[in-house]
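User: Could you walk me through this structure before I go back to the bench? I would like to start with the sheet and then move on to the charged side chains.

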Amino acid sequence: MMGEKGLQAVIFDLDGTLWDAMEPVYSAWAAALEQSALPHIALTREFLSGCMGKTPEEIGAEAFPNVPHDVRMVEVDRMYEYENELLCHRGGILYPQLAETLETLAKDYALFVVSNSQDGYVQAFLHWSGLTCFRDIEMAGRTGLDKGANIRLVMERNGVTKAVYVGDTQGDADAAAKAGIPFIFTEYGFGSVKDAAARIASLPELPAAVEKIFAEQ
């Protein structure tokens with residue numbers, strides 16, 4: 001909200017927080033890896049789940065562990081091209097009551113998405129979902145920065161004075177700590193965390209959790 005309190009924001013992770021795109025991402029990566037001549041690990045859903053929240057560089061190192069960085073990143077870029085194209089048309093699974101929760105939050109807060117994904121991934125999510133409530137987005141694949149730095153970047157360029165970050169992994173919690181803002185853990189996502197300012201089992205619990213955190217600051 002504006003005024004004496006300045007601009008308050010809710011900043012979201014994407015995978016495990018707003019949607020589950022595991023199946024289409026698996027299909028896209030499998031198709032891309034079939035075309036690759038480089039040695040790579042066997043693609044499994046367990047491996048893919050472990051990739052959620054990691055940067056393109058981290059995923060490349062795990063998918064092609066014995067391949068030079070520049071060479072493997074060409075392959076990772078191709079995987080992401082398959083992924084972005086498929087997600088634009090097929091999408092993922094939006095978590096229950098997402099649109100309603102975002103509509104409630106947008107009445108009082110500015111909403112943003114900051115992901116460790118490649119450039120184009122958040123745009124594919126927005127295109128497929130039709131959601132228009134987010135004021136700004138950022139991705140590690142576009143800036144080359146880690147998630148904590150991207151959270152601060154989004155806050156600074158939008159004049160945000162207070163924010164919370166909502167995510168589902170320890171990496172998300174660490175990024176929020178680096179950015180100096182509270183973290184809300186989505187228990188329904190892909191990961192686990194040691195500490196969080198709040199924990200929610202479903203999206204409808206989020207507005208009350210955000211309100212409580214801001215009231216205590």
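User: Is β1 mostly covered or mostly open, and how many of its residues are buried?

Analyst: Bearing in mind that this is a predicted model, β1 is mostly covered, with 6 of its 6 residues buried. Leu7, Ala9 and Ile11 point one way from the strand, while Gln8, Val10 and Phe12 point the other way, and all of them are buried.

User: What order do the strands of the sheet come in, and is the pairing parallel or antiparallel?

Analyst: The sheet is open and has 6 strands, which follow the order β5-β4-β1-β6-β7-β8 with parallel pairing. Its edges are β5 (134–139) and β8 (198–200), each of which pairs on one side only, and from one strand to the next the twist averages 25 degrees.

User: And which strands does β1 pair with, and over how many bridges?

Analyst: On the one hand, β1 (residues 7–12) pairs with β6 (residues 160–167) in the parallel sense over 6 bridges; on the other, 4 bridges join β1 to β4 (residues 110–115), again running parallel. Taking single residues, alanine 9 has alanine 163 as its bridge partner in β6, and phenylalanine 12 stands opposite valine 166 in β6 while having valine 113 as its bridge partner in β4.

User: Which helix lies across β1 and β6?

Analyst: That is α10 (residues 206–216), which lies across β1, β6, β7 (183–186) and β8, and runs at about 140 degrees to β6.

User: Changing topic to charges, how many salt bridges are there?

Analyst: The count comes to 10 salt bridges. One of them joins the side chains of glutamate 23 and arginine 45, at 3.0 Å from N to O. Because glutamate 23 lies in helix α1 (residues 22–34) and arginine 45 in helix α2 (residues 45–51), this pair ties together parts that are 22 residues apart in sequence.

User: Are those two buried or exposed?

Analyst: Glutamate 23 counts as partly exposed, at 38% relative accessibility, and arginine 45 also counts as partly exposed, at 40%.

User: Where does lysine 178 fit in, and what does its side chain meet?

Analyst: The side chain of lysine 178 meets that of aspartate 146 in a salt bridge of 2.4 Å, N to O. The pair links distant parts of the chain, 32 residues apart, with lysine 178 in helix α9 (residues 170–179) and aspartate 146 in the loop between α7 (140–143) and α8 (147–157). Lysine 178 counts as exposed at 53% relative accessibility, whereas aspartate 146 is partly exposed at 35%.

User: What does glutamate 75 form a salt bridge with?

Analyst: Its partner is arginine 78, with the closest N and O atoms 2.7 Å apart. Both residues lie in helix α4, 3 residues apart, which is about one turn of the helix. Glutamate 75 is buried, with a relative accessible area of 13%, while arginine 78 counts as partly exposed at 21%.

User: Glutamate 83 is found in α4 too, so which side chain of opposite charge is nearest to it, and how far away is that?

Analyst: The nearest one is arginine 90, 12 Å away, and glutamate 83 is buried yet has no salt bridge. Leaving aside neighbours within four places in sequence, glutamate 83 is in contact with Val25, Ala28, Trp29, Gln118 and Tyr121.

User: Last one, which residues are linked in a network of salt bridges?

Analyst: Asp136, Glu138, Arg142 and Arg157 are linked in such a network.

Key: Residues are numbered from 1 along each chain as its sequence is written. This is a predicted model: local features need pLDDT of at least 70, side-chain atom pairs count only at pLDDT 80 or more; totals for chains, interfaces and linings use all residues. Side-chain values use heavy atoms; hydrogens and water are left out. Two strands pair if DSSP finds at least two bridges between them. Helices (H or I, at least four residues) and strands (E, at least two) are DSSP runs, numbered from the N terminus. Axes are lines fitted to C-alpha atoms, for helices over the stretch in contact, and angles run from 0 to 180 degrees between N-to-C directions. Contact means heavy atoms within 4.5 Å. Buried means under 20% relative accessible area, exposed over 50%, partly exposed in between (1.4 Å probe, protein chains only). Lys and Arg count as positive and Asp and Glu as negative; His and the chain ends are not counted. A salt bridge is a side-chain nitrogen of Lys or Arg within 4 Å of a carboxyl oxygen of Asp or Glu.
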